[in-house]
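Visitor: I am new to this structure, and I would like to know how its charged surface is described. Could you show it to me and take me through the reasoning step by step?

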Amino acid sequence: MSFHDLTRKFLMGEWKQNVSVLSRARSIKEVLESLKPRTIKERQRIEIALENLSHLRRGYRKLEEQNRVIMEENSVLNEKLNLLEESKEE
(Lines give C-alpha, C1' and ligand atoms only; values in the text may rest on other atoms or scores of the structure.)
Protein backbone atom coordinates (compact mmCIF):
# COMPACT_ATOMS: atom_id res chain seq x y z
CA MET A 1 0.00 0.00 0.00
CA SER A 2 1.40 3.38 -0.97
CA PHE A 3 1.85 6.40 1.25
CA HIS A 4 -0.82 8.18 -0.79
CA ASP A 5 -3.34 5.39 -0.09
CA LEU A 6 -2.52 5.39 3.63
CA THR A 7 -2.92 9.16 3.82
CA ARG A 8 -6.24 9.06 1.99
CA LYS A 9 -7.58 6.33 4.29
CA PHE A 10 -6.50 8.32 7.34
CA LEU A 11 -8.07 11.55 6.12
CA MET A 12 -11.30 9.84 5.07
CA GLY A 13 -11.59 8.01 8.39
CA GLU A 14 -11.42 4.60 6.70
CA TRP A 15 -8.45 3.52 8.82
CA LYS A 16 -10.61 3.09 11.90
CA GLN A 17 -13.44 1.05 10.40
CA ASN A 18 -11.87 -2.36 11.05
CA VAL A 19 -10.75 -1.65 14.62
CA SER A 20 -12.36 -3.92 17.19
CA VAL A 21 -13.99 -2.66 20.36
CA LEU A 22 -11.44 -4.49 22.47
CA SER A 23 -8.59 -2.83 20.56
CA ARG A 24 -10.11 0.56 21.26
CA ALA A 25 -10.53 -0.35 24.93
CA ARG A 26 -6.89 -1.47 25.10
CA SER A 27 -5.83 1.85 23.60
CA ILE A 28 -7.89 3.81 26.12
CA LYS A 29 -6.39 1.73 28.95
CA GLU A 30 -2.87 2.48 27.75
CA VAL A 31 -3.62 6.20 27.63
CA LEU A 32 -5.14 6.20 31.12
CA GLU A 33 -2.18 4.27 32.51
CA SER A 34 0.28 6.70 30.94
CA LEU A 35 -1.30 9.71 32.67
CA LYS A 36 0.61 11.18 35.60
CA PRO A 37 -1.93 12.45 38.13
CA ARG A 38 -0.87 15.46 40.17
CA THR A 39 -3.44 15.10 42.91
CA ILE A 40 -5.09 12.31 44.83
CA LYS A 41 -8.42 13.22 43.24
CA GLU A 42 -6.98 12.87 39.72
CA ARG A 43 -5.42 9.51 40.63
CA GLN A 44 -8.77 8.28 41.99
CA ARG A 45 -10.58 9.39 38.84
CA ILE A 46 -8.10 7.50 36.68
CA GLU A 47 -8.48 4.40 38.88
CA ILE A 48 -12.27 4.58 38.59
CA ALA A 49 -12.02 5.03 34.82
CA LEU A 50 -9.73 1.98 34.55
CA GLU A 51 -12.10 -0.05 36.72
CA ASN A 52 -15.10 0.98 34.60
CA LEU A 53 -13.16 0.13 31.45
CA SER A 54 -12.39 -3.36 32.73
CA HIS A 55 -16.11 -3.87 33.53
CA LEU A 56 -16.99 -2.75 30.00
CA ARG A 57 -14.47 -5.14 28.48
CA ARG A 58 -15.83 -8.05 30.55
CA GLY A 59 -19.39 -7.16 29.58
CA TYR A 60 -18.43 -6.91 25.93
CA ARG A 61 -16.82 -10.35 25.99
CA LYS A 62 -19.97 -11.81 27.56
CA LEU A 63 -22.12 -10.17 24.88
CA GLU A 64 -19.84 -11.54 22.15
CA GLU A 65 -20.21 -15.04 23.59
CA GLN A 66 -23.99 -14.70 23.85
CA ASN A 67 -24.12 -13.43 20.27
CA ARG A 68 -22.05 -16.41 19.09
CA VAL A 69 -24.39 -18.85 20.84
CA ILE A 70 -27.49 -17.13 19.43
CA MET A 71 -26.03 -17.16 15.91
CA GLU A 72 -25.34 -20.90 16.22
CA GLU A 73 -28.87 -21.53 17.48
CA ASN A 74 -30.26 -19.45 14.62
CA SER A 75 -28.27 -21.48 12.13
CA VAL A 76 -29.59 -24.75 13.57
CA LEU A 77 -33.17 -23.45 13.52
CA ASN A 78 -32.80 -22.30 9.90
CA GLU A 79 -31.57 -25.76 8.93
CA LYS A 80 -34.56 -27.36 10.66
CA LEU A 81 -36.90 -24.91 8.94
CA ASN A 82 -35.42 -25.75 5.56
CA LEU A 83 -35.87 -29.47 6.25
CA LEU A 84 -39.48 -28.93 7.27
CA GLU A 85 -40.18 -26.87 4.17
CA GLU A 86 -38.60 -29.54 1.97
CA SER A 87 -40.60 -32.30 3.59
CA LYS A 88 -43.79 -30.24 3.23
CA GLU A 89 -43.20 -29.84 -0.50
CA GLU A 90 -42.80 -33.61 -0.95
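**Charges on the surface**

Guide: In this predicted model, helix α3 (residues 40–89) gives the most to the positive patch, with three residues. The patch itself is formed by Arg 26, Arg 58, Arg 61 and Lys 62.

Visitor: What makes this patch positive?

Guide: Lys and Arg count as positive, and the patch is formed by Arg 26, Arg 58, Arg 61 and Lys 62, so the patch is called positive.

Visitor: Why is Arg 61 called partly exposed?

Guide: Arg 61, whose place is in helix α3, has a relative accessible area of 41%; because buried means under 20% and exposed over 50%, this value falls in between, and Arg 61 is partly exposed.

Visitor: How do you know that Glu 33 and Lys 29 meet in a salt bridge?

Guide: Their side chains come to 3.9 Å, N to O, and since the rule asks for a nitrogen within 4 Å of a carboxyl oxygen, the pair counts as a salt bridge. Glu 33 and Lys 29 are four residues apart in helix α2 (residues 21–34), which means that about one helical turn separates them.

Visitor: What makes Arg 68 and Glu 65 a salt bridge?

Guide: The closest N and O atoms of Arg 68 and Glu 65 are 2.4 Å apart, which is within 4 Å, so the pair meets the definition. Arg 68 and Glu 65 lie three residues apart in helix α3, separated by about one helical turn. Salt bridges that share partners also join Glu 65, Arg 68 and Glu 72 into one network.

Note on methods: Residues numbered from 1 in each chain as written. Predicted model: local features only at pLDDT ≥ 70, side-chain atom pairs only at ≥ 80, totals over all residues. Heavy atoms only, no water. Patch = residues over 30% accessible without salt bridge, like charges linked within 9 Å, V, L, I, M, F, W, Y side chains within 5 Å. Areas by Shrake-Rupley, 256 points an atom, 1.4 Å probe, with all protein chains shown as cover. Charge placed at Lys NZ, Arg CZ, Asp CG, Glu CD. Helix = DSSP H or I, 4+ residues; strand = E, 2+ residues; numbered from the N terminus. Buried < 20%, exposed > 50% of the residue type's maximum accessible area, 1.4 Å probe, protein only.
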